[in-house]
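Let's walk through this model together, one contact and one sheet at a time. Please keep the structure open beside the text as you read.

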Amino acid sequence: MSARLLYPPPIENAIARIEPLLDTKNRISRRSLALLLLQKDPILRAQLQQEPYFPQIERIVVETQSCFVESLSLAIAQSRHQFTTAIEQDITIQPSKERTSKYEWLHQLTVNPVTGIPILLLVLYFGIYQFVGVFGGGTLVDGIEGFFESQINPVVNTIVAAIFPWQVIQDLLANDYGIITLGIRYAVAIVLPIVTTFFLMFSLLEDSGYLPRLSLLLDRLFKTIGLSGRSIIPLILGLGCGTMATLVTRTLESKRERIIATLLLALTIPCSAQLGVILGLLSQEPTALIVWASVMMAIFLGIGFFAGKIVPGNTSCFYMEIPPLRLPSLKAILTKTYVRLKWYFGEILPLFILASILIWAGKLIGVFDVIVRGLEPVMLWLGLPTEAAPTFLYGFFRRDYGAAGMFDLHSSGILTGQQLVVAAVTLTLFIPCIAQLQFMFKERGIKTTIAIASFVILFAFSLGYILNQVLTIMEVSF
Amino acid sequence: MDCHDCHQSCQPKRKKIAWKLFGFGSRKSVNNDFSHHAQTTIALVGSPNVGKSALFNLLTGTYVTVSNYPGTTVELVRGNAVIAGEKVTFLDTPGMYSLIPITEEERVARDLIMNEKVDLFIHVIDAKHLGRMLNLTWQLIETQLPVLLVVNMIDEALKLGIWVDENQLAYKLGIPVVTMEATQKVGLKKLIAKVADYVRSTPLSTTY
Amino acid sequence: MITQGFSICYSPLSMLTNKSQGFITAIRNKDEKIVKKLLAMGVHTGMQITLEQTFPSFIIRVGRTRIAIDKEIASSIKVRVVSH
């Protein structure tokens, strides 16, 4: 005979009284439903609210509760716990002495704030800055970009020119804004190396079990900006891809925390393509990098702080299981990176191509030029050259697309010093790419999305203006 | 024999090997043959970090899901296999600790349990935390839905000196139990056999 | 310790010093959700608990599970201290 769990008599009694009231057409047993009701399960209660027998159930629940000092959920959980512990003891042989993991010392180092914070900074410096920014966004991008510029693009231009005599078609496929010469080049030469290095790093951090430790170290800081340590995971993932991160905000507990995280992702967190390009560009000029980083950090904390005050609801509690640290397997990391890249490119490459087509069509019928001309005064207002206008327009199609455009502008010597900082800050803040906007809409609804998007656009340009003025007044030179 | 990276291109070969070993293959090859049958749906449920996704990938031969880190599988993931000559759809669910959801992503599995037509729930638990995780197993048993228990990470538990009596556990709970180490494919054949028993015994023909 | 005598039996976890060990005597919070969370993670009355760290977050060990919690949740776990 298999074991059977009997709850304390008042609960069994209540179950017996609730069961006959319930429909028999439910998929799950009435005993199970009755137990959910006794634990005040909000979903089931909402579902049965309208039923004529609901008040009677309510009465039974209140009566039963009066038999216990502690909540019914606790009483039920306690019975289950005793029951399952008994089974566990019956069917397992437990070690006489608990064996500790061989990485126990490392765990202590990572969670103790004295050693943990320096470790955190080292992980961010080497993992994100050195590996993704300098290696991915610098070395790899330069190499592949150079190869495209010198080897592939001229060949593509020549071949396309030879096959299609019409300038219009040539421009669609090749030349400055063509699908192959711009769309594919950005995807393969700039985004691919950066995103790959980021996902490699993220998968490594994830599989080693380091992320929950990061959460517990930062929980207190995050509480001041209306979030909990749990939010660090979507936010770090946002450094990889804001779209993916917006989807992952689902793991956050309260609506309030999800809205704040979505806003911070849309506004302040640069995605890896953007981050890689910006780090790659600015690392050549340390002052510029410091200004950009401090401005972004200040905005992140400031906006978070105010959002924490404005968005309704209570601060979320923080709880997280801390799995043992382990040496991740290379195969698992590579597989994860591969799967994430596949997801990313399944979603990104079509948009790159679409953006190329839109730009081509926009140029053809003149709309593109009108928008660019409309943006030109804004550029001057920010103290940027008018040539930066298309970059902001691409930024709408994809944030990284805009960052990649900035890379081009810098390479050709149009964007320098102060302008580079202002452009980098404004572009980082500027509205999320089409894909992220679409996911925000899916996850948060139309109202929140419009509110966040309009705030982000206004804020990005206003802050760009202010930053330009401040840098001019303070005569910061780069 | 790792087909994760190329399951599109090497499906025919994979199907052959899979058929030989335990009579299951991948989605594309069976779509047409079985589309007129009533379909068996099997869902993998359990708390985060117990290897649900790894097991899912093993069963379906596809790697579509993102990760096993708490919170990065946030939606239902679907995959197909053929077991005992029947097309079976497997669902991978975001982690859940209890029938009463706390976060939004935990609701996915709960809604599946409460509302959807799922023929079998495979509850995946970590052998190292057996007692604690049996709590949800028992909640599932109480629903009277068909449940199969997979005690995963059995090798890791053994390294810590924990030994689990599979038969005794099955006897106590009154449901089929399989001990596994999914990452090493240990116990996979046993699991497939148990699922096959289930697929065969379900009177699918009567529903259509 | 802040408290003395028998009241020590029911100290909230948030008041304990680092490395304290004891048994959980109650889990109480006006927010039922917090109680449910703890239960779901395997924290039950009667279990042995070790407080491993108190800053910046509380880290507890219950059974074979290690959990990080904030002060609010820590204060809802009442502990009878055995040693510290």
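## Ground rules

Two strands are said to pair if DSSP finds at least two bridges between them. Helices (H or I, at least four residues) and strands (E, at least two) are DSSP runs, numbered from the N terminus.

This is a predicted model, in which local features need pLDDT of at least 70 and side-chain atom pairs count only at pLDDT 80 or more, while totals for chains, interfaces and linings use all residues. Residues are numbered from 1 along each chain as its sequence is written, chains are lettered from A and ligands numbered from 1 in the order in which they are written, and side-chain values use heavy atoms, with hydrogens and water left out.

## The sheet of chain B

With pairing defined, chain B is a good place to begin. Six of its strands make an open sheet with mixed pairing, in the order β2-β3-β1-β4-β5-β7. The edge strands are β2 (77-83) and β7 (177-179) of chain B, each pairing on one side only. From one strand to the next, the twist averages 25°; for angles, axes are lines fitted to C-alpha atoms (for helices over the stretch in contact), and values run from 0 to 180 degrees between N-to-C directions.

Inside this sheet, β4 (residues 120-126) and β5 (residues 147-152) of chain B run parallel and are joined by six bridges. H123(B) has L149(B) in β5(B) as its bridge partner. Two helices pack on the sheet, where contact means heavy atoms within 4.5 Å. One is α5(B), which touches β1 (40-45), β4 and β5 of chain B and whose direction makes about 165° with that of β4(B). Another is α8 (residues 188-201) of chain B, which touches β1, β2, β3 (86-92), β4, β5 and β7 of chain B; the direction of α8(B) makes about 160° with that of β7(B).

## Where chain B meets chain A

The contact between these chains takes 58 residues from chain B and 59 residues from chain A. About 5000 Å² is buried between them, with carbon and sulfur atoms giving 57%; buried area is the accessible area (1.4 Å probe) that two parts lose on being put together, summed over both. Five salt bridges cross this interface, a salt bridge being a side-chain nitrogen of Lys or Arg within 4 Å of a carboxyl oxygen of Asp or Glu. In one of them R132(B) joins E321(A), with the closest N and O atoms 2.8 Å apart.

There are also 14 residue pairs in polar contact, both residues at pLDDT 80 or more. A polar contact is a pair of N or O atoms within 3.5 Å; within protein, one must be able to donate a hydrogen and the other to accept it, and residues adjacent in sequence count only if both atoms are side-chain atoms. On the side of chain B that touches chain A, the elements giving two or more residues are α4 (104-115), α5 (130-142), α6 (154-159), β6 (163-164) and α7 (166-173) of chain B. The most comes from α5(B), with eight residues. Backbone pairing also links the two chains: β1 (residues 92-93) of chain A and β6(B) pair in the antiparallel sense over two bridges, and I93(A) stands opposite W163(B).

## Where chain A meets chain C

Here the contact takes 31 residues from chain A and 30 residues from chain C. The two chains bury about 2700 Å² between them, 52% of it on carbon and sulfur atoms. The salt bridges between chain A and chain C number four, and one of these is formed by D70(C) and K223(A), whose closest N and O atoms are 2.7 Å apart. Polar contacts across this interface involve 14 residue pairs, both residues at pLDDT 80 or more. The side of chain A that touches chain C draws two or more residues from each of α5 (72-91), α6 (104-111), α10 (210-224) and β2 (319-321) of chain A.

## A sheet shared by two chains

Now follow β2(A) across to chain C. β2(A) pairs with β5 (residues 65-69) of chain C in the antiparallel sense over three bridges, and M320(A) stands opposite A68(C). The result is an open sheet of seven strands with antiparallel pairing, in the order β2(A)-β5(C)-β4(C)-β3(C)-β2(C)-β6(C)-β1(C). β2 of chain A and β1 of chain C stand at the edges with a single partner strand each, so one side of each is left without a neighbour in the sheet.

Within chain C, β2 (residues 21-27) and β6(C) pair in the antiparallel sense over six bridges, with F23(C) opposite R80(C). On β3 (residues 48-53) of chain C, three bridges lead to β2(C), again antiparallel, and Q21(C) stands opposite T50(C).
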